Amino acid sequence: MGGSFSSNKSSKKTPPPISDIDRAVLDLKVSRDKLTRFKKKLEQDDAKLLAKAKQAKDAGQTTTALNLLKLRKHKQTAVASVENQLLTVLQMVDTISSKENEKDVLKSMAVGKDALQKLHEETTLEDVIELMDTIEEQSEMEKEISAAMGGVPALSVEDEELVELELEELEKAMAGETIQLPQVPSGKPLPETPTTVPVKTATAETAKSSGRVAVAS
């Protein structure tokens with residue numbers, strides 16, 4: 001049990017030290033409470049003195065009633081003085097609280113300034129310009145790709161077949177297979193379409209005509 005008691009005792013947190021400002025505020029609040037109690041007592045004495053003055057007057061004790069009213073007047077003056085003191089104390093408490101809030105605000109602003117300065121040191125103007133240039137280059141590349149994909153010119157039938165074969169080659173290369181693409185003939189002219197009747201055909205037609213002429217003769 002002794003071990004558990006010592007561990008519980010050591011686990012208690014020590015209260016933070018009271019600063020001079022906190023102590024001043026505490027003293028002002030204590031003074032405020034004392035003045036409030038004193039003011040309340042003076043107001044009670046004022047009511048009692050007034051009641052006794054009325055009794056003395058009713059009893060024909062004019063001098064006693066007058067003295068009681070004088071003492072009541074002093075009590076009222078004391079009440080006014082206490083009220084002024086109490087107001088001063090309250091204003092001081094409010095001023096200290098306001099200054100504490102301003103201090104916290106200034107501290108937060110200083111932390112924010114340091115954070116911004118650190119960010120500025122980590123990210124220089126050159127880094128920002130380089131990043132903007134990279135983004136612009138990528139944007140231009142995307143535009144060029146989109147324009148190319150949307151404006152591909154039409155191909156001939158032969159070129160379409162070659163492109164399809166090339167695509168098939170790419171697909172099989174990706175799958176681990178390879179095929180041989182047909183070679184496009186280079187430098188060899190394509191055959192021209194004949195524009196005259198072949199000689200062989202013309203000779204046959206001439207022979208036929210000659211035979212007919214011989215028979216007729």
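# Close-up views of an all-helix model

At 51% relative accessibility, Leu131 counts as exposed, because the cut-off for exposed is over 50%. This residue belongs to a predicted model, and the views below start from its surroundings.

**View 1. A nonpolar patch on the surface includes Leu131.** Leu131 sits in helix α4, which covers residues 125–150. Its partners in the patch are Leu125, Val128, Ile129, Met132 and Ile135. Together the six-name set, Leu131 included, offers about 580 Å² of accessible area. In soluble globular proteins, nonpolar side chains tend to be buried together. Leu131, by contrast, is exposed.

**View 2. The whole protein is built from helices, with 6 of them and 0 strands.** From the N terminus, the order of elements reads α-α-α-α-α-α. Of the 217 residues, 9% are buried. The accessible surface comes to about 18,800 Å². Carbon and sulfur atoms account for 60% of that surface. Take the contacts between residues at least 6 apart in sequence: 52% of them join residues at least 24 apart.

**View 3. Helix α2 runs for 39 residues and ends before a glycine with positive phi.** At 1.5 Å a residue, α2 should span 57 Å, and its end C-alpha atoms are indeed 57 Å apart. Gly60 follows the helix, with phi near 85°. The buried residues of α2 are Val25, Leu28, Leu35, Lys39, Leu42, Asp45, Asp46, Leu49, Ala53 and Ala56. They pack against α3.

**View 4. Helix α3 has 61 residues and packs its buried residues against α2.** From first C-alpha to last, α3 reaches 90 Å. That is close to the 90 Å expected at 1.5 Å a residue. Buried here are Ala65, Leu68, Arg72, Val79, Val82, Leu86, Val89 and Val93.

**View 5. The largest nonpolar core holds 8 residues.** Its members are Leu28, Leu35, Leu42, Val79, Val82, Leu86, Val89 and Val93. Helices α2 (20–58) and α3 (62–122) each supply at least two of them. The biggest share comes from α3, with 5 residues. Apart from this core lies another, of 5 residues, including Leu49, Ala53, Ala56 and Leu68.

**View 6. Leu35 and Val82 touch each other across the core.** Leu35 lies in helix α2. Leu35 counts as buried because its relative accessible area is 14%, under the 20% cut-off. Leaving aside residues up to four places away in sequence, Leu35 touches Val82, Gln85, Leu86 and Val89. On the same terms, Val82 touches Leu35, Phe38, Lys39 and Leu42. Leu35 and Glu83 are 48 residues apart along the chain, yet their C-alpha atoms are separated by 7.9 Å.

**View 7. A salt bridge joins the side chains of Lys39 and Glu83.** The N to O distance is 3.6 Å. The pair links distant parts of the chain, with Lys39 in helix α2 and Glu83 in helix α3, 44 residues apart. Lys39 is buried, at 18% relative accessible area. Glu83 is partly exposed, at 37%.

**View 8. Lys75 and Asp45 form a salt bridge between α3 and α2.** Here N and O are 3.5 Å apart. Lys75 belongs to helix α3 and Asp45 to helix α2, and 30 residues separate them along the chain. Lys75 is partly exposed, at 23% relative accessibility. Asp45 is buried, at 14%.

**View 9. Glu168 and Lys172 make a salt bridge within helix α5.** Their closest N and O atoms lie 3.7 Å apart. The two are about one helical turn from each other, because they are 4 residues apart in α5 (residues 157–174). An α-helix has 3.6 residues a turn, so residues three or four places apart point the same way. Glu168 is partly exposed, with a relative accessible area of 32%. Lys172 is also partly exposed, at 28%. Elsewhere, salt bridges that share partners join Lys39, Glu43 and Glu83 into one network. The whole structure has 9 salt bridges.

Notes: Residues are numbered from 1 along each chain as its sequence is written. This is a predicted model: local features need pLDDT of at least 70, side-chain atom pairs count only at pLDDT 80 or more; totals for chains, interfaces and linings use all residues. Side-chain values use heavy atoms; hydrogens and water are left out. A nonpolar core is a set of buried Ala, Val, Leu, Ile, Met, Phe, Trp, Tyr and Cys residues joined through side-chain atoms within 4.5 Å. Buried means under 20% relative accessible area, exposed over 50%, partly exposed in between (1.4 Å probe, protein chains only). Contact means heavy atoms within 4.5 Å. The expected span of a helix is 1.5 Å times one less than its number of residues. Accessible areas come from the Shrake-Rupley method with a 1.4 Å probe; for residues, only the protein chains shown count as cover. Patches are made of residues with over 30% relative accessible area and no salt bridge: like charges are joined within 9 Å, nonpolar side chains (Val, Leu, Ile, Met, Phe, Trp, Tyr) within 5 Å. A salt bridge is a side-chain nitrogen of Lys or Arg within 4 Å of a carboxyl oxygen of Asp or Glu.
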